[in-house]
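Notebook open, coffee poured. I want to go through pockets first, then the core, the charged pairs and one loop residue.

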Amino acid sequence: MSTTTATLDPTRDAPRPVAVAAPPVSLRRSVEQTFTMAHRSLIKILRKPEEMFDVVLQPILFTIMFTFIFGGAVAGSIGSYLPMIIPGILAQTMISACMSVGTGIREDMEKGVFDRFRSLPMSRLAPLAGPMIADLIRYLIATVLTFTVGFVLGYRPAGGALGVIAAGLLVIVSAWALSWIFVFLGTVARSARAVQAIGMMILFPLTFLSNAFVSPDTMPGWLRAFVQVNPVSHLVSAVRDLCNGGGLTIEVFWTAVCLAVVVAIFAPLALWGYRRRT
């Protein structure tokens, strides 16, 4: 009579560990963690002050150069050109400043910093939204410097202090909304240089193919049609209306609509790219 001895396979019969899902992060904790990430970004800026050159030097240099080079040719005089060029410089500076947040996120991902964030019980939104909050200070500095240089050159906005403050808030909010585009690029691009290259491809058409520096009246019909629907043109026109007229116009409304669409599209894409990369 033969007997069969049953053997246990430890790799097959051992109980498998059950994955335990991390508890969801509350809204309060998400906000706290977002501001913690913003504080981290501010510390990085303090340790590398050269990262502020784009929002400190660019508004000063571009305002002076464009005013004295194109002022007489476009508007007949520098004083007549300032109400047109100051809003244009603001828009250009803000769009170019947005690229830094995407570049910084890409650099952190290359260093493995975001892998450590992912292993922690923290909100997935905090590492993305934190740097964007810190960049609000950069946008504020660029706005104040641009208006200051304009005042020194003789710009006297008819909208008064309230119009200037409203215009400044509008461009800062616009920069924050547009930053989501570059945050998304930072999560999907392969390197920080790629983020900069793609960002420049976005920057130049949007700013120079707009009404930021010249009136589109003399442009060809096909180009004028693009300029009129360009979101940057709506932003520049809205800033001009606030600064030079002091009133809420249809351009302010269209700018708000464009910004809402940008956030609605690229904020979810940025979160998707972050989860995909990490």
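**Entry 1: the main pocket.** I started with the lining of the largest pocket and asked which helix gives the largest share; α4 does, with 9 residues. Note to self: this is a predicted model, so everything here is read off predicted coordinates. The volume of the largest pocket comes out at about 610 Å³. There are 22 lining residues, and Glu-51, Ser-100, Thr-103, Gly-104 and Glu-107 sit closest to the pocket's centre. I then checked which helices supply at least two lining residues each: α2 (27-47), α4 (78-110), α6 (126-153) and α8 (192-208). Sorting the lining by type, I got 9 charged, 7 nonpolar and 6 polar residues.

**Entry 2: the runner-up.** The second largest pocket has a volume of about 180 Å³. How does its lining divide into nonpolar, polar and charged? I got 10 nonpolar, 2 polar and no charged residues. Among the lining residues I listed Ile-95, Leu-178, Ile-181, Leu-206, Pro-231 and Val-262, along with Ser-174 and Thr-255. α7 (160-188), α10 (231-244) and α11 (250-277) each bring at least two residues to this lining. The most come from α11, which gives 4.

**Entry 3: the nonpolar core.** Next I looked up the largest nonpolar core, which has 59 residues. The members that touch the most other members are Ile-85, Phe-114, Phe-147, Val-183 and Val-239. Two or more core residues come from each of α2, α3 (53-75), α4, α5 (113-119), α6, α7, α10 and α11. Here too I asked about shares, and α4 has the largest, at 15 residues. A reminder I keep at the top of the page: in soluble globular proteins, nonpolar side chains tend to be buried together.

I zoomed in on Ile-85 for a moment. Setting aside neighbours within four places in sequence, Ile-85 is in contact with Phe-66, Thr-67, Ala-212 and Phe-213.

**Entry 4: salt bridges.** How many salt bridges does the count come to? I got 2. General background: side chains of opposite charge can pair when their charged atoms come close.

The pair I opened first is Arg-29 with Glu-32, whose closest N and O atoms are 3.1 Å apart. Both residues lie in helix α2, 3 residues apart, about one turn of the helix. Arg-29 counts as partly exposed because its relative accessibility is 44%. Glu-32 is at 33%, so Glu-32 counts as partly exposed as well.

The other pair is Asp-135 with Arg-138, and the closest N and O atoms there are 3.7 Å apart. Asp-135 and Arg-138 are 3 residues apart in helix α6, so about one helical turn separates them. Are these two buried or exposed? Both Asp-135 and Arg-138 are buried.

**Entry 5: a loop residue.** Last lookup: Ala-158, in the loop between α6 and α7. Why does Ala-158 count as exposed? Its relative accessibility is 65%, and the cut-off for exposed is over 50%, so Ala-158 qualifies. I also looked for contacts, not counting residues up to four places away in sequence, and found that Ala-158 touches Cys-243 and Asn-244. One distance for the page: the C-alpha atoms of Ala-158 and Leu-242 are 8.9 Å apart in space, while the two residues are 84 apart in sequence.

Terms used: Residues are numbered from 1 along each chain as its sequence is written. This is a predicted model: local features need pLDDT of at least 70, side-chain atom pairs count only at pLDDT 80 or more; totals for chains, interfaces and linings use all residues. Side-chain values use heavy atoms; hydrogens and water are left out. On a 1 Å grid over the protein atoms alone, a cavity is a set of points where a 1.4 Å probe fits but cannot get out, and a pocket is an open set with protein on both sides within 12 Å along at least five of seven lines; lining residues have an atom within 4 Å of a point. Grid points are joined across faces, edges and corners, and a volume is the space filled by probe spheres set on the points. Ala, Val, Leu, Ile, Met, Phe, Trp, Tyr, Cys and Pro count as nonpolar, Asp, Glu, Lys and Arg as charged, and the others, Gly among them, as polar. Buried means under 20% relative accessible area, exposed over 50%, partly exposed in between (1.4 Å probe, protein chains only). Contact means heavy atoms within 4.5 Å. A nonpolar core is a set of buried Ala, Val, Leu, Ile, Met, Phe, Trp, Tyr and Cys residues joined through side-chain atoms within 4.5 Å. A salt bridge is a side-chain nitrogen of Lys or Arg within 4 Å of a carboxyl oxygen of Asp or Glu.
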